[in-house]
Amino acid sequence: MKIIYTCAYSDIASGGDSRVAWELARYMAKNKELEVWMICAGQKFNISRDSVEPSLMVQMVSSTDVAEGVNIFTPTPFMTKRIYEILDQLDPDIIHAHNYDPLAFAIQGWALAKHKPFIYTGHVSASQIYALQNLKLGRAIEKLISISLKEYTRIFYNNCTRIICLNTSARDDFSKFMKKNTNLEIIPNGYVFNKTNEDHIKLEDCKEYNLIFPGYINKNKNQKFLIEMLKYLHTDKIVNLYLAGKFMFPKFEKEILELVRTLPKNRKVHLLGYIEHEKILDMYKQSHYLVSASLIEVQSLTVIESLASGTPVIALRNATASELIRNNYNGEILPQNCSPQKFAKILEKYLNKKEESYEKLSSNSKKSIDFLDYSNVSKAHLKLYNSIC
């Protein structure tokens with residue numbers, strides 16, 4: 001079987017969609033019974049072997065613009081013709097896209113013309129496009145295609161042979177948005193586990209509590225709630241909240257900075273900006289809890305990575321929390337209408353756990369996402385591919 005994956009990023013970038021796209025392609029390429037290609041936009045047309053997994057072939061196509069790290073392919077008649085010629089030569093059995101960018105749209109057009117299966121994994125919520133998609137990127141696509149992003153995605157989704165939804169919540173959302181549910185399939189994102197015997201940070205008798213939440217700093221991620229919550233924690237210890245991520249809007253940055261100034265001296269908010277992924281993975285192991293007040297998540301890699309590191313999660317309810325967190329097992333889920341005071345009260349309970357109980361939480365966190373190992377997730381993808389080829 002020959003599989004083509006397509007991604008808006010020429011390698012793993014800050015977004016979870018790029019990480020999953022490249023990790024899945026690299027894992028599948030190790031299967032000697034498959035021929036796997038990645039088509040992505042970059043500086044110019046060229047073919048090369050992937051630098052991480054040499055069995056994966058990479059077809060780069062020329063882009064004309066970059067918006068927030070995404071290479072924007074312009075589907076002019078000439079450029080579309082070149083894409084079609086490449087696809088004619090490769091003649092894939094199946095195409096699997098991880099973005100709805102113009103490159104994926106052009107490749108979908110070829111798949112429709114040639115009656116080839118075209119699969120899309122929905123990394124963003126169908127009904128909350130602008131809540132989850134960077135506005136600059138959305139406007140760049142709208143300018144290019146001259147229709148609204150909502151109408152563009154509706155056309156794109158309806159022309160997919162299958163849409164992979166990451167959980168039941170995402171499937172229900174796609175079904176409502178598209179007004180049908182006939183081509184929807186649930187397969188979660190995979191995760192590359194780096195299982196080590198490293199000890200997690202100790203909780204009992206620690207001098208400072210460390211909390212972490214990585215991600216773009218914006219209203220949807222709701223970091224203001226977490227900062228406000230710090231005021232209501234009853235402890236004489238220093239509480240550190242590490243926020244790793246870029247501000248999306250200057251106005252929101254100003255609001256955050258003003259709120260930080262109102263905190264007691266033993267409440268410290270560390271605004272770290274963009275942090276390399278490997279460093280964030282190390283930070284999880286030095287954090288006692290991941291705290292999340294995020295309002296919309298499809299399947300948050302932040303939560304998955306935290307659990308994989310043995311760091312329990314205290315979160316407001318969203319699709320990811322509902323799927324992965326079990327109260328008193330690997331963390332706690334709180335209602336979305338929960339107040340900062342109530343969140344602080346629950347967090348206090350977890351900060352005051354005995355070491356034995358905390359170690360159990362940490363161990364359960366790791367166990368709770370074993371099912372996301374690519375050895376399991378890849379089988380689900382292959383089963384889907386075989387069923388529609």
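The following paragraphs describe a helix, a sheet and the cysteines of a predicted model. Local features are taken at pLDDT of at least 70 and side-chain atom pairs at pLDDT 80 or more, whereas totals for chains, interfaces and linings use all residues. Residues are numbered from 1 along each chain, and side-chain values use heavy atoms, without hydrogens and water.

Helices (H or I, at least four residues) and strands (E, at least two) are DSSP runs numbered from the N terminus. Helix 9 spans residues 250-260, and its buried residues (under 20% relative accessible area, 1.4 Å probe, protein chains only) are Phe252, Ile256 and Leu259. They lie on the same side of helix 9 because they cover an arc of only 65° around the axis, taken from the directions from the axis to the C-beta atoms. Pro250, Lys251 and Lys254, on the other side, are exposed, that is, over 50%. The buried residues of helix 9 pack against helix 8 (223-230) and strand 13 (267-273), contact meaning heavy atoms within 4.5 Å.

Strand 13 also belongs to an open sheet of six strands, ordered 13-12-11-14-15-16 with parallel pairing; two strands pair if DSSP finds at least two bridges between them. Strand 13 and strand 16 (331-334) are the edge strands, each pairing on one side only. Within the sheet, strand 14 (residues 289-292) and strand 15 (residues 313-316) pair over three bridges, and serine 292 has alanine 315 of strand 15 as its bridge partner.

The whole structure contains zero disulfides, defined as cysteine sulfur atoms within 2.5 Å. The sulfur of buried cysteine 160, at 6% relative accessible area, is 10 Å from its closest cysteine sulfur, in cysteine 165, and therefore too far for a bond. Cysteine 389 is exposed at 51%; its sulfur is 15 Å from the closest cysteine sulfur, in cysteine 160, also too far for a bond.
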